[in-house]
Amino acid sequence: MAPLIKISPSLLAADFAHLADSIAAAEEAGADELHFDVMDGYFVPNITVGIPVLEAIRPLTKLPIDVHMMVHEPARYAQAFADAGGDIFTMHVEACDDLDASLGDARVAGMTAGVSLKPDTPASVLQASLPFVERVLVMTVEPGFGGQPFMPEMLPKITELQNMAKIAGHDLEIAVDGGIKVDTAGDVINAGATTLISGTGVFNYPDGMKIGIEAIRTAGS
Ligand code: DX5
Ligand code: ZN
């Protein structure tokens, strides 16, 4: 049976002056979770939102919130983001001095522990940590900005992670982030991704977010 595909709208593409409306629209359009991009201006060359904004939006939705930490040593903030309402804590392997300890910190704080890989980082860096990882986020653009073109050369990495998990007998959720739109979604789904994060692809979909989410979700079939 084909795996269920989850769609996670990235709030980076939302209307920040009317965030509550964007969240309600995403929920109404059938989103499965929300993606909250945190950038520190050091790990990536951009700065976005953080703990107080997460706290403010938490009561607005029941959807799980994936906190994508594009931050140096993100585990320092695991408890604070958990307290603010984060459900999934996705940290970059390149930003963690001790990945296994960082994953432990996220879990102790009560969140699902996720790991993200920048485009130049191979799947093999996760070989040893795989049993402790619940979810991997494969970046399909360089992290830092929304609206960039999808990198098709990331497709084999998705399949490789899927195979690594299969061999290890480990249930791994594979998410993708960056340039995910109707015309790229089919390829990532067929490569093995089950959670599709999309910012401009859903918020700016010409026929509205509801049709956009459904089109992306079914692009692989
Ligand atoms: C970029 C962020 C993404 C971004 C994706 O570093 O991690 O979540 O919002 O934007 P799109 O889907 O527009 O490429
Ligand atoms: Zn992201």
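Which residues line the largest cavity? Keep that one in mind while we get our bearings. What you're looking at is a predicted model, and this short tour goes through its hollow spaces and the ligand.

## The cavity

Back to the opening question: Leu 11, Leu 12, Phe 16, His 35, Phe 36, Asp 37, Thr 48 and Val 49 make up the lining of the largest cavity. Sorted by class, that lining has 5 nonpolar, 2 polar and 1 charged residues.

How much room is in there? The largest cavity holds about 40 Å³ of space. If you go looking for cavities of 30 Å³ or more, the structure gives you 1.

## The largest pocket

Now for the open kind of space. The largest pocket has a volume of about 240 Å³. It is lined by 26 residues, and the ones closest to its centre are Phe 145, Gly 146, Gly 147, Asp 177 and Gly 178.

Where do the lining residues come from? Strand 2, strand 3, strand 8 (195–198) and helix 7 (200–203) are the elements that each give two or more residues to this lining. Strand 2 gives the most, with 3 residues. As for the class mix, the pocket lining counts 10 nonpolar, 13 polar and 3 charged residues.

## Who lives in the pocket

The largest pocket is where ligand 1 sits. Two elements give two or more residues to the shell around ligand 1: strand 2 (34–39) and strand 3 (65–70). The largest share of that shell, 3 residues, comes from strand 2, which also gives the most to the pocket lining.

Altogether, 19 residues surround ligand 1, and the closest are Ser 10, Gly 144, Asp 177, Gly 199 and Thr 200. Asp 177 is worth finding on screen, since you've already met it among the residues closest to the pocket's centre. By class, the shell around ligand 1 has 6 nonpolar, 11 polar and 2 charged residues.

## Up close with ligand 1

Zoom in on the oxygen atoms of the ligand. A polar side-chain atom of Thr 200 lies 2.5 Å from an oxygen atom of ligand 1. The backbone joins in too: a polar backbone atom of Gly 199 is 2.7 Å from an oxygen atom of ligand 1, and for a polar backbone atom of Gly 179 the distance to a ligand oxygen is 2.8 Å.

How much of ligand 1 does the protein cover? On its own, ligand 1 has 380 Å² of accessible area, and the protein covers 99% of that.

Notes
Residues numbered from 1 in each chain as written. Chains lettered and ligands numbered in written order. Predicted model: local features only at pLDDT ≥ 70, side-chain atom pairs only at ≥ 80, totals over all residues. Heavy atoms only, no water. Near = heavy atom within 4 Å. Polar contact = N/O pair within 3.5 Å; in protein donor to acceptor, adjacent residues only side chain to side chain. Areas by Shrake-Rupley, 256 points an atom, 1.4 Å probe, with all protein chains shown as cover. 1 Å grid on protein atoms, 1.4 Å probe; cavity = no way out; pocket = protein on both sides within 12 Å on 5 of 7 lines; lining within 4 Å. Sits in = over half its atoms within 2 Å of the grid points. Helix = DSSP H or I, 4+ residues; strand = E, 2+ residues; numbered from the N terminus. Nonpolar A, V, L, I, M, F, W, Y, C, P; charged D, E, K, R; others polar. Points joined across faces, edges and corners; volume = space filled by probe spheres on them.
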